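Biologist: Please take a close look at one surface site in this model for me. Once that part is clear, walk me outward from it through the rest of the chain.

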Amino acid sequence: PRSTLFPYTTLFRSMTVHLDLIEGCKHAAISAELCGDQTLDTERLKDMLNTVRKQRQILPDDPFLNFATEKNDSEYDSQNTLPDTEDSLSAIFKQAAGLDLVGIWANGNNYRGFANSAGQRNWYNNANFNFDWSVYHNSDKAVKMGYAGFDWDDSVLASKMSSVREALAIMGKQPVSLTPGKYRVYLAPAALYEFLSVVIWQGFSLEDVKTAQTPLIQMVAEGRKVDPSIQLIDNRVDGFASAFSAEGFILPDSVKLINSGRYHSSLTNARSAKEYGEPVNANDEYPSSLDLAPGDIDVENVLKEL
């Protein structure tokens with residue numbers, strides 16, 4: 001029955017090690033999952049080291065090999081303000097009573113470390129929660145919603161669930177067919193996320209910009225712009241990403257991607273930095289903590305504005 005929720009919770013720990021063995025311009029890399037048993041993991045690491053030593057001997061020079069040569073240590077440990085899982089799930093079940101809801105709740109710490117033979121040590125520890133859910137109405141109609149962050153607030157969840165119920169009521173009305181024409185529209189956060197997730201995959205990569213593969217090529221090459229109110233940055237300092245790369249480079253706290261509606265900067269990883277002579281400002285060439293500046297219309301006034 002739709003009024004019944006079937007909770008399933010599990011504790012999950014994933015540990016991955018990435019090893020890169022470098023000599024001159026030759027290097028070999030390998031990754032593996034660890035089990036947490038020190039004896040077993042030590043043996044596995046020894047086997048991995050032997051493997052990359054053999055591989056490195058037969059590999060050609062890598063012209064775009066680029067790694068940090070200056071020693072820059074860093075350590076970041078966030079205050080753990082995560083909610084108690086049982087309390088949060090109880091609040092979710094209470095607010096979702098009577099709804100046909102399906103979703104995923106994740107809550108925990110994320111650790112990332114870097115070490116090299118030059119003695120550099122970097123450490124990152126942050127924690128967040130993420131509740132991603134959809135509520136089914138009927139046929140092909142459903143409402144999607146999300147709540148993520150560092151500090152849980154029952155009142156925020158209640159407000160979001162109230163918005164879901166209002167949207168379900170609207171979906172229950174007879175659909176209206178629009179004739180072709182120009183209309184002002186409002187993209188809900190979930191819809192805007194889907195749009196941005198397509199754009200950002202290659203949109204801000206320096207490699208894709210230089211090879212004209214970015215979907216934003218007209219903004220880059222022709223200076224086309226979006227509304228001046230659009231401010232988009234990769235905001236690591238307020239987001240959920242470490243401030244060092246896999247090669248040991250220290251990354252800026254944030255990178256402006258779109259400023260006042262214009263394409264501003266690309267994201268450059270270590271290899272692209274070597275190839276194109278640009279500074280490293282990203283671990284991967286897509287945003288790690290995308291931050292879109294808010295607009296100036298309250299959600300409650302959207303329909304009136306339209």
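**A surface valine and its surroundings**

Modeller: Val185 is exposed, with a relative accessible area of 63%. Exposed here means over 50%, so at 63% Val185 earns that label. Please keep in mind as we go that this is a predicted model. You will find Val185 in the loop between helix H3 (154-171) and helix H4 (189-203). Val185 belongs to a nonpolar patch on the surface, together with Val176, Leu178, Tyr183 and Leu187. Taken together, these five side chains account for about 560 Å² of accessible area.

From that loop, let's step back to helix H3, which holds Asp154. With a relative accessibility of 44%, Asp154 is classed as partly exposed. This residue is part of a surface patch too, but one of negative charge: Asp84, Glu86, Asp87, Asp151 and Asp153 gather there with Asp154. Over the protein chain there are 28 positive and 41 negative side chains, and the centres of the two sets lie 4 Å apart.

For a buried counterpart to the valine, try Thr214, in the loop between helix H5 (206-210) and helix H6 (217-222). Thr214 has a relative accessible area of 3%, so this threonine is buried. Setting aside neighbours within four places in sequence, the contacts of Thr214 are Gln202, Gly203, Asp208 and Val209. Helix H4 spans 189-203 and helix H5 spans 206-210, if you would like to find those partners in the viewer.

Next come the charged pairs, of which 7 count as salt bridges. One of them joins the side chains of Asp62 and Arg271, at 2.7 Å from N to O. Asp62 sits in the loop between helix H1 (38-58) and strand S3 (74-77), while Arg271 is in helix H7 (residues 270-276), so this pair ties together parts that are 209 residues apart in sequence. The two ends differ in cover: Asp62 is buried at 12% relative accessible area, whereas Arg271 is partly exposed at 39%.

Another salt bridge links the side chains of Lys71 and Asp73, with 2.8 Å between N and O. Lys71 is partly exposed, with a relative accessibility of 49%, and Asp73 is partly exposed as well, at 45%. The side chains of Asp234 and Arg236 form a salt bridge at 3.5 Å, again from N to O. In that pair, both Asp234 and Arg236 are buried.

Finally, here is the frame around these sites. The protein chain has 8 helices and 10 strands, and its C-alpha atoms fill a box of roughly 70 × 55 × 35 Å along the principal axes. Of its 306 residues, 28% are buried; Thr214 is among the buried ones, while Val185 is exposed. The protein chain exposes about 20,100 Å², with carbon and sulfur atoms supplying 53% of that area. As for how the chain folds back on itself, 63% of the contacts with a separation of 6 or more are between residues 24 or more positions apart. The Asp62 and Arg271 pair gives you a concrete example of a long-range link, because its two parts are 209 residues apart in sequence.

Technical notes. Residues numbered from 1 in each chain as written. Predicted model: local features only at pLDDT ≥ 70, side-chain atom pairs only at ≥ 80, totals over all residues. Heavy atoms only, no water. Patch = residues over 30% accessible without salt bridge, like charges linked within 9 Å, V, L, I, M, F, W, Y side chains within 5 Å. Areas by Shrake-Rupley, 256 points an atom, 1.4 Å probe, with all protein chains shown as cover. Salt bridge = Lys/Arg side-chain N within 4 Å of Asp/Glu carboxyl O. Helix = DSSP H or I, 4+ residues; strand = E, 2+ residues; numbered from the N terminus. Buried < 20%, exposed > 50% of the residue type's maximum accessible area, 1.4 Å probe, protein only. Contact = heavy atoms within 4.5 Å. Lys, Arg positive; Asp, Glu negative; His and termini not counted. Charge placed at Lys NZ, Arg CZ, Asp CG, Glu CD.
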